[in-house]
Amino acid sequence: MRQMSTKNVLISGASIAGPALAFWLRRYGFEPTVVEKAPALRPGGQAIDVLGSATEVVRRMGLLEQVHARSTGKRGTSYVDAEGKARASISSEVFNGVGANGDTEIQRGDLAEVLYAATRENVEYLFGDSIAALHEDESGVHVTFEHSPARTFDLVIGADGVHSHTRKLAFSPESEFLRHMGYYIAIFTTPNLLNLDHWELDHNTPGKIAGSYSARENTEAKAIFAWASGPLDYDYRDADAQRRILTETFADQGWEVPRLLAELPNAQDFYFDAMAQIRMDRWSKGRIALVGDAGYCASPLSGQGADLSLVGAYVLAGELAAAAGDHRVAFDRYETEMRPMVDACQTFAEGVGGWYAPNSKAMIAFRNLNVRLLPYLPWRGLIGGAPQKVARTIAVKDYRIGDPVA
Ligand SMILES: Cc1cc2nc3c(=O)[nH]c(=O)nc-3n(C[C@H](O)[C@H](O)[C@H](O)COP(=O)(O)OP(=O)(O)OC[C@H]3O[C@@H](n4cnc5c(N)ncnc54)[C@H](O)[C@@H]3O)c2cc1C
């Protein structure tokens, strides 16, 4: 039996990357603890694609059936004018390959629930708490919490998203790594006001898009907004200020925008953020490492966040197990293994804002023309298959770890 020097791992953040990492660490004999700032698992968020290598990771977790059972089943998207007339439509299968090879689309909150349910029995979760301070020495990382008693862990992993608290504590301020991409995004749940049947409607004016798609078997819908903007000065903890920014930005818009915005005060799961990337040369420092958006956010909207989190968690845990817990070796291999996928996803994400919310009427018409023609183009696989291609940048290694660890 192999001896492991590292056993106790603290993970900060219980969304996608955190529970996925806890799942694999537990499988390999580590003892993960997950601390999450929110009092319970956070609901909400957009529908996200699980594609390529991420699908393979979910399959290896034995959770693919559960993920498919909660799939959005969204059939496609239409781009409509101010009167609601469809100017271009496209099926999800042509657009991003969802439906092929087990790839699927699922609400972010549903995926988080599946991962949490798969780990809650044998992983310690500390909800409503946060790391207050970290101090590393040869014996481990000494952690004080906002509420729980202080403890020492062998490793600490930040899975706490684009505004990672762990990154701020252990690396440098956010401004050093965050790259604003010129767009903002907001999303919240509404009733299915537009009677959509597994379908999305989007309305563009230059630099703005408002849309809605049905969710949970058409029993509800998501309202989604994105707009071109330089960095805004607001308090990211102040949701009322963010609601005001959204309402003011879309006050002049036609189509169904006023009806969608009228639901904003009732929404329990309002999400608002800049489209931004996290670019770092290294995702680890001593006994502390980052996974998912905390280390390499590709951006909201582009669809790669969940894929990078699922694959990153799998690789990080696998390399730790393969190195029998030697974090120096494992973190190096994790960086080498993940870097090509991170680079590919971040490069892909750069074009997404302009495609989604083109900046001029001419570009909107051009985008719609492309959407109409896409199913007939010989190179449709190149465009439609691009998200899948980047999601397959790295093959999923087989971390078959021989003996159980002790
Ligand atoms: C509620 C919510 C809604 C989202 N909606 C969208 C969306 O509409 N579109 C989109 O593209 N992406 C959205 N995202 C981001 C998306 O989930 C990620 O891009 C992707 O899934 C990668 O996940 P992650 O686990 O790395 O980070 P995230 O999903 O961002 O999760 C980070 C987790 O860390 C927790 N956390 C933050 N600070 C601390 C702290 N100090 N201590 C402990 N825990 C902390 C957060 O509460 C959260 O649960 C959303 C995330 C959340 C949490």
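What follows is a walk through the domain layout, a couple of helices, two serines and some salt bridges of this structure. The model is predicted, so pLDDT comes into what gets counted: local features need at least 70, and side-chain atom pairs count only at 80 or more.

The chain splits into two domains, and neither is a single run of sequence: domain 1 takes in 8-72, 104-178, 278-353 and 384-391, while domain 2 is made of 180-275 and 356-383. Their C-alpha centres sit 27 Å apart. Where the two meet, 24 residues of domain 1 are in contact with 25 residues of domain 2, and about 1,900 Å² is buried between them. Carbon and sulfur atoms account for 57% of that buried area. On the polar side, the interface has one salt bridge, along with three residue pairs in polar contact. On the domain 1 side of the interface, the elements that contribute two or more residues are α12 (352-356) and α15 (386-391). Sorted by class, that side of domain 1 has 11 nonpolar, 10 polar and three charged residues.

Asp110 is a handy place to pick up the charged pairs. This residue forms a salt bridge with Arg216, with the closest N and O atoms 2.8 Å apart. Asp110 also pairs with Arg70, this time with 3.5 Å between the closest N and O atoms. Since Asp110 lies in helix α5 and Arg70 in the loop between α3 and β4, that second pair ties together parts that are 40 residues apart in sequence. As for exposure, Asp110 is buried at a relative accessible area of 4%, whereas Arg70 is partly exposed at 31%.

Other salt bridges sit within a helix; the rule gives 27 salt bridges in total. In helix α2, the side chains of Arg60 and Glu56 meet at 2.9 Å, N to O. The two are four residues apart in that helix, so about one helical turn separates them. An α-helix has 3.6 residues a turn, so residues three or four places apart point the same way. Both partners come out as partly exposed, Arg60 with a relative accessible area of 29% and Glu56 with 23%. Helix α11 (residues 327-349) holds another such pair, Arg339 and Glu335, again four residues apart and about one helical turn from each other. Here the closest N and O atoms are 3.7 Å apart. Arg339 is partly exposed at 22% relative accessibility, but Glu335 is buried at 6%. Shared partners also link salt bridges into one network, made up of Arg70, Asp110, Glu113, Arg216 and Glu220.

Turning to the helices themselves, α1 (residues 17-27) has nine of its 11 residues buried, so the rest of the structure largely encloses it. Those buried residues are Ala17, Gly18, Pro19, Ala20, Leu21, Ala22, Phe23, Trp24 and Leu25. Just past the end of α1, Gly29 adopts a positive phi of about 95 degrees. Helix α2 (residues 52-61) is mostly covered too, with seven of its 10 residues buried. The buried set consists of Gly52, Ser53, Ala54, Thr55, Val57, Val58 and Met61. Among the elements covering them are α1, β3 (47-50), α3 (64-69), α5 (108-117), α10 (305-322) and α15. A glycine with positive phi follows this helix as well: Gly62, just after α2, sits at about 80 degrees.

Two buried serines round things off. Ser78 is part of strand β4 (residues 76-80) and counts as buried at 6% relative accessibility. Leaving aside residues up to four places away in sequence, Ser78 touches Ala86, Ala88, Ser89, Trp199, Glu200, Leu201 and Asp202. Two of these neighbours also make side-chain polar contacts with the Ser78 side chain: Ser89 at 2.8 Å and Trp199 at 2.9 Å. Ser78 and Val291, 213 residues apart along the chain, have their C-alpha atoms 35 Å from each other. Ser130, for its part, lies in the loop between β7 (124-127) and β8 (131-137). This loop residue is buried, with a relative accessible area of 14%. With residues up to four places away in sequence again left out, Ser130 touches Val35, Thr144, Phe145, Glu146 and His165.

Notes
Residues are numbered from 1 along each chain as its sequence is written. Side-chain values use heavy atoms; hydrogens and water are left out. Domain bounds come from an automatic or database domain assignment. Contact means heavy atoms within 4.5 Å. Buried area is the accessible area (1.4 Å probe) that two parts lose on being put together, summed over both. A salt bridge is a side-chain nitrogen of Lys or Arg within 4 Å of a carboxyl oxygen of Asp or Glu. A polar contact is a pair of N or O atoms within 3.5 Å; within protein, one must be able to donate a hydrogen and the other to accept it, and residues adjacent in sequence count only if both atoms are side-chain atoms. Ala, Val, Leu, Ile, Met, Phe, Trp, Tyr, Cys and Pro count as nonpolar, Asp, Glu, Lys and Arg as charged, and the others, Gly among them, as polar. Buried means under 20% relative accessible area, exposed over 50%, partly exposed in between (1.4 Å probe, protein chains only).
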